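Please open the model in your viewer and keep the sequence at hand, since this tour moves from one selection to the next. What you are looking at is a predicted model.

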Amino acid sequence: MFTIIICRDYEEVSNKAFALFRDQMKKKPNSVLGLATGSSPLGTYQRLIEDHRLNGTSYRDVVTFNLDEYIGLPEDHPQSYHMFMENNLFSKIDIRKENTHIPSSIGDAEENCKAYEKLLEPYDIDIQLLGIGSDGHIGFNEPGTPFDALTHIQVLDSRTVRDNARFFDNDVNKVPKSAITMGSGTIMNKAKKIVLIATGANKADAIWGMVKGDRDINCPASVLQGHPDVVAIIDRAAAGRL
Ligand code: F6R
């Protein structure tokens, strides 16, 4: 079930997403948080950091699971999702490194997928932050991925590669062509609450597909139509087709 909140702009989207995470932290200081990377969550993370600094919200007892990681980038590559999380959140709050989990792209990728599912096994994710790709992907579950997929190796759609070239000197050749991602099935089974954020007109088709389209693997985010608690926080441009 979707609750849709339409906001003026990215700032308002970030404020509202932050408020849901802050409330969750207040309610349960040892929450399990599901985290995403990319442009969408940056404002939310900035607000969490600010709240930690100003109000002392502590992450000592928090456990996190990230959605995905590129295959083929060393973990210390500036565009790896390990580095993204370190630079944009983890190094700026008091979270314990051993409580943070990101799929590993080092070594045997198939084994790493199984290992990530195993790591997740004892947990439920109290609140899961999601962005959405312009092709409707969540995590890196690209169109055509079965809704019950678990953590798996995903070849990235050419559209995703194009979209993400902005992080790689606008050069599609530098963008990794595959990733390890939590599956749609993993997200659906593990997340008790989902907060999906999206801004910009390039997300309008994906948001329409997620909310109004058929529940169909061609729009991976439409799997969320079957989830009991999804809050979609989007700006007017992303809501343009609703
Ligand atoms: C990132 C992720 C992706 C992004 C999506 C949108 O961990 O799983 O699904 O959320 O590609 O990216 P941005 O926010 O950069 O538009």
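How many bridges join β6 to β9, and in which sense do these strands run? Select the two strands together: three bridges join them, and they run parallel. To find the register, pick Leu-130, whose bridge partner in β9 is Leu-196.

Stay with β9, residues 194-198, and colour the strand by accessibility: five of its five residues are buried. Ile-194, Leu-196 and Ala-198 lie on one side and Val-195 and Ile-197 on the other, so that both faces of the strand are covered. Now add β10, residues 230-235, which runs parallel to β9 and is joined to that strand by five bridges; within this pairing, Ile-194 stands opposite Val-230. If you then show helix α7, residues 204-211, you will have the whole of a right-handed β-α-β unit, made by β9, α7 and β10.

Next, display the sheet as a whole. Seven strands form an open sheet with parallel pairing, in the order β1-β10-β9-β6-β2-β3-β5. The strands at the edges are β1 (2-7) and β5 (100-101), and each has a single partner strand, so one side of each is left without a neighbour in the sheet.

From β6, step across to β2, residues 32-35. These two strands pair in the parallel sense over two bridges, and Gly-34 has Gln-128 of β6 as its bridge partner. Turn on the side chains of β2 where there are any to show: Val-32 and Gly-34 point one way, Leu-33 and Leu-35 point the other way, and all are buried. On to β3, then, which pairs with β2 in the parallel sense over four bridges; here Val-32 is partnered with Val-63, and Leu-33 with Thr-64. Trace the chain between the two strands and you will follow the crossover from β2 through α2 to β3, a β-α-β connection that is right-handed.

Now select helix α3, residues 81-88. Which of its residues are buried? They are Tyr-81, His-82, Phe-84 and Met-85, and a view down the axis of α3 shows why they belong together: these buried residues fall within an arc of 165 degrees, so they line one face of the helix. Show what surrounds them, and you will find that the buried residues of α3 pack against β2, α2 (42-55), β3 (63-66), β4 (68-70) and α5 (158-164).

Keep Tyr-81 selected and add Phe-140. The rings of Tyr-81 and Phe-140 make a stacked aromatic pair, with 6.1 Å from centre to centre and 20 degrees between the planes. Tyr-81 belongs to α3, whereas Phe-140 lies in the loop between β6 (127-130) and β7 (152-155), so the pair ties together parts that are 59 residues apart in sequence. Both Tyr-81 and Phe-140 are buried. Extend the selection to Tyr-70 and Phe-168, and you will have the cluster into which ring pairs link these two residues with Tyr-81 and Phe-140. The structure holds six aromatic pairs.

For a last stop, select Trp-208 and Arg-241. Which part of Trp-208 does Arg-241 lie over? Arg-241 lies over the face of Trp-208, at 4.6 Å from the ring centre.

Conventions
Residues numbered from 1 in each chain as written. Predicted model: local features only at pLDDT ≥ 70, side-chain atom pairs only at ≥ 80, totals over all residues. Heavy atoms only, no water. Phe/Tyr/Trp six-rings, centres within 6.5 Å; stacked < 30°, edge-to-face > 60°. Buried < 20%, exposed > 50% of the residue type's maximum accessible area, 1.4 Å probe, protein only. Lys NZ or Arg CZ within 6 Å of the ring centre and 35° of its normal. Arc of directions from axis to C-beta. Contact = heavy atoms within 4.5 Å. Pairing = 2+ DSSP bridges. Right-handed = clockwise from strand over helix to strand, strands pointing away.
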